[in-house]
Amino acid sequence: MIFESLPTTPRSEELLDKAFSRAARSGRAKSGLEAQQSMLQTASSILSDNLENVVTEWPDFGTVDPFYYELADAIVDVDELRQALSEVTWASRQISEIRSEYQPKLRKTEPETARKHRKQAFARMADIMDEIEDDLLLVGEARDDLKDLPDIRPDEPAIVVAGYPNVGKSSFVNKVTRASNEIARYPFTTRGVQIGHFERDRVRYQIIDTPGLLDRPEEERNDIERQAASALEHLADAVIFVVDASGACGYPLDVQLELRDAVEERFGSVPVLTVCNKSDRSTDVEADLYMSVTNDEGIDEVLDAAVDAVGYEPDIPPSRQE
């Protein structure tokens, strides 16, 4: 996942302590002008290099898959994050420029004068680090919020399971993925996203149940949930909407179908299959397929229909097409 390997973002004070303490150590190993030059080089390199690394470790949001971009924007303000990263880049370059400005001043002068110049350079570097203190905090908080986003792969075909609570969505996902599913909790849902995988004709499919997102009307979701649900539009290749015609789930059938219609409208051209679960209790609804997870009936047919609806055709190397 694109955010999980992001390293911890150092704080401004931490970087300054690290840079200046190592500079002092390098200065003690030398004497005269050479000591001052070594201290300037060491401190500036540590600061500029670490700040540059903070930025380069982040993916380029201009090329991030729309699913992850919108999901990230649901958790943090991506525009604010990009601005903070821009400020950190500026700081890295400014510190490098300060080094270039002061290096000539430390070459042909008296040691005491060189020491004064070096201290001036250090003070200016410290001022720059103070300027980006809040930016580094913002980047660090964003990293902490995003590193545990779901490991969902936009390059693999994805089937999203929707429907009101207690209609049998999780039981269905458990059944078709057997033991390969995982449940993880993320900032945009209180109950956790359930992600499973299964294979058909050597193609791995993702099947995703999103409690807290597509299990109630839009107006009942908060802003983060709405945007996370919107992100799924970029991911889903098909949607299985599960209904319970018996009403045992606690929601009237007409209310369930209203949510189904809203999901169809939201996902636009993505195929949405209406699947009646608990068919051993009732089939009193017009659906694309009927199944009973409890009785292990109709499950394979639902999965096959979803795969057909996805219509995924993997790229085959030219040598194998002959």
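This is a short tour of one predicted protein chain, with a suggestion at each stop of what to select.

**Before you start**

Residues are numbered from 1 along each chain as its sequence is written, and side-chain values use heavy atoms, with hydrogens and water left out. Because the model is predicted, local features need pLDDT of at least 70 and side-chain atom pairs count only at pLDDT 80 or more, while totals for chains, interfaces and linings use all residues.

**Stop 1: the whole chain**

Show everything as a cartoon. You should find 10 helices and seven strands; helices (H or I, at least four residues) and strands (E, at least two) are DSSP runs, numbered from the N terminus. The radius of gyration is 28 Å, well over the 20 Å that the globule rule gives for 322 residues, so the chain is more spread out than a compact globule. That radius is taken over C-alpha atoms, and the globule rule is 2.2 Å times the number of residues to the power 0.38. Along its principal axes, the C-alpha trace spans about 95 × 55 × 30 Å.

Now turn on the surface. About 16,200 Å² is exposed, with carbon and sulfur atoms supplying 41% of it; the areas come from the Shrake-Rupley method with a 1.4 Å probe, and for residues only the protein chains shown count as cover. Of the 322 residues, 49% count as buried. Buried means under 20% relative accessible area, exposed over 50%, and partly exposed in between (1.4 Å probe, protein chains only).

**Stop 2: residues 3-152**

Select residues 3-152, which an unreviewed UniProt entry annotates as "domain: NOG1 N-terminal helical". UniProt positions are given in the numbering used here, feature names are shortened, and annotations may be inferred rather than shown by experiment. The span is 75% helix and 0% strand, and its end C-alpha atoms lie 12 Å apart.

Next, pick Arg 25 in helix H1 (residues 12-28). Arg 25 is partly exposed, at 49% relative accessibility. Draw a distance from its C-alpha atom to that of Asp 280: the two are separated by 77 Å and lie 255 residues apart along the chain.

Move on to Ser 48, in helix H2 (residues 32-56). Is Ser 48 buried or exposed? At 3% relative accessibility, Ser 48 counts as buried. Leaving aside residues up to four places away in sequence, Ser 48 touches Ser 92, Ile 95, Ser 96 and Arg 99, where contact means heavy atoms within 4.5 Å.

**Stop 3: helix H3**

Select residues 66-75, helix H3, where seven of the 10 residues are buried. Among them are Phe 67, Tyr 68 and Leu 71. What covers the buried residues of H3? The cover includes helix H4 (78-102), helix H6 (133-146) and helix H8 (223-235).

**Stop 4: strand S5 and its neighbours**

Finally, select residues 238-244, strand S5. Seven of its seven residues are buried, so S5 is largely enclosed by the rest of the structure. Show the side chains: Ala 238, Ile 240, Val 242 and Asp 244 point one way, while Val 239, Phe 241 and Val 243 point the other way.

Add strand S1 (residues 158-162), which runs parallel to S5 and is joined to S5 by four bridges; two strands pair if DSSP finds at least two bridges between them. Here Ile 159 stands opposite Ala 238. Then add strand S6 (residues 272-277), also parallel to S5, with six bridges between the two. Leu 273 in S6 is the bridge partner of Ile 240. To follow the chain from S5 to S6, trace helix H9 (residues 253-267); this β-α-β crossover is right-handed, meaning that with the strands pointing away from the viewer, the path from the first strand over the helix to the second runs clockwise.
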